[in-house]
Amino acid sequence: MNLLLNFILTTGLLATLVIIGILFKQRKELPKRLLILIFGLLFFVVLYSYSELNNIKSLYATTFVFADTIGFLLGPLLFIYIKSIFQKKEAISLNFLWHFLPAFCYLILVSIPFLISELQDEYLFSYLQFIDKNEYLLQIQALYLCAYVLLSLTTLQKFRNLTKENYSNLAKKEVWWIQYLLYGVLFIILINISIEVYSFATNDRLPFDNTLTTIVLVFLILYLGFFGILQSPVLVPEYLLERFYNKKEYGGIDQQQPTHHLAGATDEEIALLKEQLMQLLETKKPYLDEHLSLKTLAEMIPITDRKLSALLNHYYGINFYDFVNAYRVREVQKKMTQRENDKYTVLALAFDAGFNSKSSFNRIFKKETGLSPSAYKKQLQPKP
């Protein structure tokens with residue numbers, strides 16, 4: 001058993017070093033630098049499990065504080081990493097340092113004193129003995145990490161919604177993998193809490209209890225590394241980010257100002273903008289460009305992207321992503337009815353209409369028509 005566990009842990013260590021090396025070459029991007037910090041932390045945590053499994057005291061002492069504080073460090077790092085994907089690096093300011101205050105306090109008051117106590121074989125402070133006898137108190141780390149994972153999931157969903165107000169295709173901008181990563185972290189927390197509950201209830205510890213958690217962490221490292229290396233920033237315009245931040249951070253939103261950028265426009269001005277937009281879509285068909293963005297479409301009208309976003313959100317009740325893709329679906333429907341297009345597959349027609357992903361096309365088409373593309377095409381065929 002020890003041989004298998006050592007193999008898994010060694011594989012995790014080597015994989016982490018390789019990933020850090022690759023990320024170091026991409027370190028100009030803030031998300032990559034944050035990933036280097038995350039993988040550096042995970043490396044020492046796996047190394048700690050390796051030292052514990054093989055009873056290497058010097059290595060144990062070196063890596064103890066990383067493993068002991070991971071619950072307070074990993075959550076904030078993942079949260080800030082998610083924000084860095086969608087924001088310019090200037091927005092990730094020193095204000096985020098307060099997220100690490102619990103980690104700093106725990107390090108000074110608990111982790112380092114515990115390490116010194118173990119090395120001296122006596123408690124440095126009396127409260128450490130109380131904590132040691134009531135280890136369940138340390139699960140506050142798990143709860144803290146859990147809170148940050150839930151916060152990160154909520155923030156991720158909000159940012160994903162914002163990307164739909166700026167991009168017409170999300171195939172290369174999807175960050176669904178981060179959602180699964182966060183679910184994986186929750187799974188690790190559940191394993192850890194389950195082990196602690198078992199130990200508390202039976203007054204006995206499972207063999208390799210910490211190592212079991214680390215093994216799951218190794219697989220999470222491989223998953224995070226693969227997608228993290230490939231992930232590029234998905235920047236969201238600053239005016240959309242104002243929805244997240246207060247006046248102090250962003251120059252924010254003046255409550256005395258209109259609630260959106262067309263709030264002061266007259267009915268005639270709104271009608272004119274709608275007419276210009278419809279005429280543009282019908283004559284030039286800009287939605288056929290798979291790279292069409294809110295800013296590009298706004299420049300073609302021409303108005304500002306802020307005003308176009310307000311027009312779509314407040315006067316059409318739809319975001320940019322759904323608005324453009326509804327036109328693409330109608331274009332595919334039109335092409336399906338034309339005999340000269342019978343020689344082309346539905347997917348080819350979709351790509352020609354501006355889609356760049358089979359999965360997103362199928363999902364959007366069914367949302368718009370209530371049928372899958374193949375079922376819709378089948379009903380167009382004449383009955384014998």
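## A tour of the aromatic rings

Start by selecting tyrosine 376: at 14% relative accessibility it counts as buried, because the cut-off for buried is under 20%. Keep in mind that you're looking at a predicted model.

Next, add phenylalanine 365. At 0% relative accessibility, phenylalanine 365 counts as buried too.

Now for the wider picture: the structure holds 22 aromatic pairs. One of them is phenylalanine 226 with phenylalanine 227, so pick those two for a moment: they sit edge-to-face, 5.0 Å centre to centre, with 90° between the planes. Is phenylalanine 226 buried or exposed? Phenylalanine 226 counts as exposed, because its relative accessibility is 53% and the cut-off for exposed is over 50%.

Then jump back to where you began. Phenylalanine 365 and tyrosine 376 form an edge-to-face pair as well, with centres 5.4 Å apart and planes at 75°. Turn on the cartoon here: this pair links distant parts of the chain, with phenylalanine 365 in helix α17 (residues 358–369) and tyrosine 376 in helix α18 (residues 373–380), 11 residues apart.

Time for a group selection: Trp176, Trp177, Tyr180, Tyr223, Phe226 and Phe227. Together these form one aromatic cluster, and the Phe226 and Phe227 pair you saw earlier is part of that cluster.

Last stop, charges over rings. Select lysine 274 and tyrosine 316: the charged end of lysine 274 sits over the tyrosine 316 ring, 5.2 Å from the ring's centre. Then move to tyrosine 327. Which residue lies over its face? That's arginine 330, at 4.3 Å from the ring centre of tyrosine 327.

Definitions and conventions:
Residues numbered from 1 in each chain as written. Predicted model: local features only at pLDDT ≥ 70, side-chain atom pairs only at ≥ 80, totals over all residues. Heavy atoms only, no water. Phe/Tyr/Trp six-rings, centres within 6.5 Å; stacked < 30°, edge-to-face > 60°. Buried < 20%, exposed > 50% of the residue type's maximum accessible area, 1.4 Å probe, protein only. Helix = DSSP H or I, 4+ residues; strand = E, 2+ residues; numbered from the N terminus. Lys NZ or Arg CZ within 6 Å of the ring centre and 35° of its normal.
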